[in-house]
Amino acid sequence: MKLSDKIAAHPTDRPFYTFEFFPPCTDQGFDNLLSRISRLSDLNPIAISVTWGAGGSTKDRSLDLAGIAQADYGIDTILHLTCTNMVPGLVDDVLRTAKARGIQNILALRGDPPRGQEHWTPIDTLFCSGVDLVRYIRSSPEFSSYFCIGVAAYPEGHPDNQTDDDGNFDILTEKVDAGADFIVTQLFYDADRFLHWLERVRCRGINVPIIPGVMPIQTYSSFLRVVGLCGIQVPPSMMADLDLIRHDDQLVKEYGIQLAVDIILKITGNRDIRGVHFCTLNLEKSVQLVLERLKWAGGSPIMRNKLIAKDSPVPLPPNSELVVTPTTATTNAAAALTSKTTVEIEPPGRGELNNAATWDDFPNGRFGDYKSPAFGAQDQWGGLALSVHAVHPDWGHPTSMEGLTDLFLRYLDSKAASTPFSSSPLSAESQTILHQLKALTRRGLWTVCSQPAVDTVPSTDEIFGWGPRGGYVSQKAFIEFFSTEEVVDKIEKKVRLSGRGLVHYFATNLQGDFRSNVPEDARNAVTWGVFPGKEIVQTTIIERESFLTWKGEAFSIWAEWASFYPPGSEQRITLDDVRRTRWLVNLLHHDFKNPGALWDFLVDIYS
């Protein structure tokens, strides 16, 4: 069913809501997302949306996920569609596939540039912006009357800063005039600013439904990342509140839930806003709790205990719902058990079966559980969580391997605020192993991710703590870096001769060569916590699938960085050479009770 028709038919005294999901990058995550969507569908969203990955990178998974939700679960689905990498004919193919699968709603977006490109450039000149997609669909006899089309709006301006406020309003007007039926906004945290923007939109004569994007804060680190990527303005009071609780993940999550409730109550108090769009990041518990506090959850009928009897022992009003006959009770119970489609999925980890909504609640590490639907989280419109948008002045313009070593050293010395692989300054945790990181970097092993060994500290620890209060956390030491193949050979030999089964490694290059001493199905939990009333929580897991998934992104960052320089330039030649010849290595030591174990093992590599 078209979303515009569902909105028009929805009771005006009860706000509606939609849920957004992205296609997980692993098969296990995809399967587990299906069961998560099944549970969330019990909350009765009027639709869900499925993102289209940066550069069209998730095309098949996006279509599969949207098709399953629409056909198998009976949930009206909005398929995001972007112009990026749309070769001639592909738009028609996607629209025909969507139509064949019963999908009637499209969110038309320009999309982010694919990795390796400095600026967004069209592949098919018919599709340069979201409005071109809207015009094309509306001009096609095959698609025009079938699809309901949504477009994006940016209450705080587009993150690319392509135009001023008036220009943004002109673009939005153009999209609606071209045939858009509804608008979904970029997420925001300043409700007053949004309402001011809404008033200006309506003054422009734009009258289609506007659905505000809402993203409950999950963790402090993910919040900072999303805010930075989307260019969102955060009220100073809110940043001050979060700063006080940033070391307690449970309090941050609780704050995010209540903040979402407060924002939604404020914006839906304006009767012009009839519903909201939840960016779930493929997590479910926060969204569920927001809806429960709003008293919106599901609109499920009130269930009352009933007397099963042919006749009531006391007089009751006609048509009373307090008594049910044995035949009716049996029929109703059977119908309830068979009316809901379910998918049998092998539980992704110990305890998932009993805690399906919360087992991956604290996605703090890049090496999260690859079986989690939230593994490889994206931004609101389907973009990747790490990208090089411009060459930062701190990076300089390296023309040699020595220049790159200098950049990574300056970052470790806090003389550079970021690198293409680290968007924020060195963490306090990494500062505790600064000497070792600098020693490795001086030898040309450019470190991009690491953590020290920690043997059981309180979950509120200023440096290493995470999760709810009252717990204890531990972690194994690991380090990830780019190196030459010669270094990989040395590490491989040393692990074989003196690793004693305590050292695991993964190594790969751009060409797909892969080396490891880790059994194929092994899972190395390197960060875990024990909390009151919970099973052991594992937030960082290093395994083959997650490492290889990250490998594609890691090498593409080198390509994207190189793309900022002209072909044939010294900088371009250097960065392309690194991408072709260097290996990505991850090295883990299992003795977390000895904080120096990993570094002692590596001493002859960097000494």
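# A guided tour of the model

Start by selecting K494 and F601. The charged end of K494 sits over the ring of F601, 5.0 Å from its centre. Keep in mind throughout that this is a predicted model.

Now select R582 and W446. Here R582 lies over the face of W446. The distance to the ring centre is 4.3 Å.

Stay on W446 and widen the selection. Which residues form one aromatic cluster with W446? Add W395, F408, F421, F482, F555, W558 and W561. Together with W446 they make up that one cluster.

**Ring pairs**

Next, colour the aromatic rings across the model. The count of aromatic pairs comes to 20. Zoom in on one of them, F143 with F147. Their ring centres are 6.0 Å apart and their planes stand at 50°, so this pair is tilted. Are F143 and F147 buried or exposed? Both F143 and F147 are buried.

Move on to F506 and F547. These two form a stacked aromatic pair. Their rings are 5.4 Å apart, centre to centre, with 20° between the planes. The cut-off for stacking is under 30 degrees, so the label fits an angle of 20°.

Now show the backbone around the pair. F506 belongs to strand β16, residues 503-509. F547 belongs to helix α17, residues 544-562. The pair therefore ties together parts that are 41 residues apart in sequence. Switch on a surface to see how covered the two rings are. F506 is buried, at 2% relative accessible area. F547 is buried as well, with a relative accessibility of 0%.

**Cysteines**

Select the cysteines. How many disulfides does a search of the whole structure find? The search finds zero. Compare two cysteines while you are here. C148 is buried, with a relative accessible area of 0%. C203 is exposed, with a relative accessible area of 67%.

**Two packed helices**

Select residues 249-268, which are helix α10, and residues 285-294, which are helix α11. Two packed helices are described by the angle between their axes and the distance between the axes. For α10 and α11, the angle is about 45° and the axes are 9 Å apart. The two helices are therefore oblique to each other. Turn the view until one helix passes in front of the other. The crossing of α10 and α11 is right-handed.

**Two unusual backbone angles**

Most residues other than glycine have a negative phi. The next two stops do not follow that pattern.

Select N44. Where is N44 found? Look in the loop between α2 (27-40) and β2 (47-50). N44 is not a glycine, yet its phi is positive, about 60°. Its relative accessible area is 43%, so N44 is partly exposed.

Then jump to S414. This residue is found in the loop between α13 (401-412) and α14 (428-431). S414 is not a glycine either, and its phi is about 65°, again positive. S414 is exposed, with a relative accessible area of 54%.

**Last stop**

Finish at T97, in helix α4, residues 90-100. T97 counts as partly exposed, at 26% relative accessibility. Now add L63 to the selection. T97 and L63 are 34 residues apart along the chain. Draw a line between their C-alpha atoms: the separation is 7.8 Å.

Terms used: Residues numbered from 1 in each chain as written. Predicted model: local features only at pLDDT ≥ 70, side-chain atom pairs only at ≥ 80, totals over all residues. Heavy atoms only, no water. Phe/Tyr/Trp six-rings, centres within 6.5 Å; stacked < 30°, edge-to-face > 60°. Buried < 20%, exposed > 50% of the residue type's maximum accessible area, 1.4 Å probe, protein only. Helix = DSSP H or I, 4+ residues; strand = E, 2+ residues; numbered from the N terminus. Lys NZ or Arg CZ within 6 Å of the ring centre and 35° of its normal. Disulfide = S-S within 2.5 Å. Axes fitted to C-alpha atoms, helices over the stretch in contact; angles between N-to-C directions. Parallel < 35°, antiparallel > 145°, perpendicular 65-115°, else oblique. Left-handed = near helix turned anticlockwise from the far one by under 90°.
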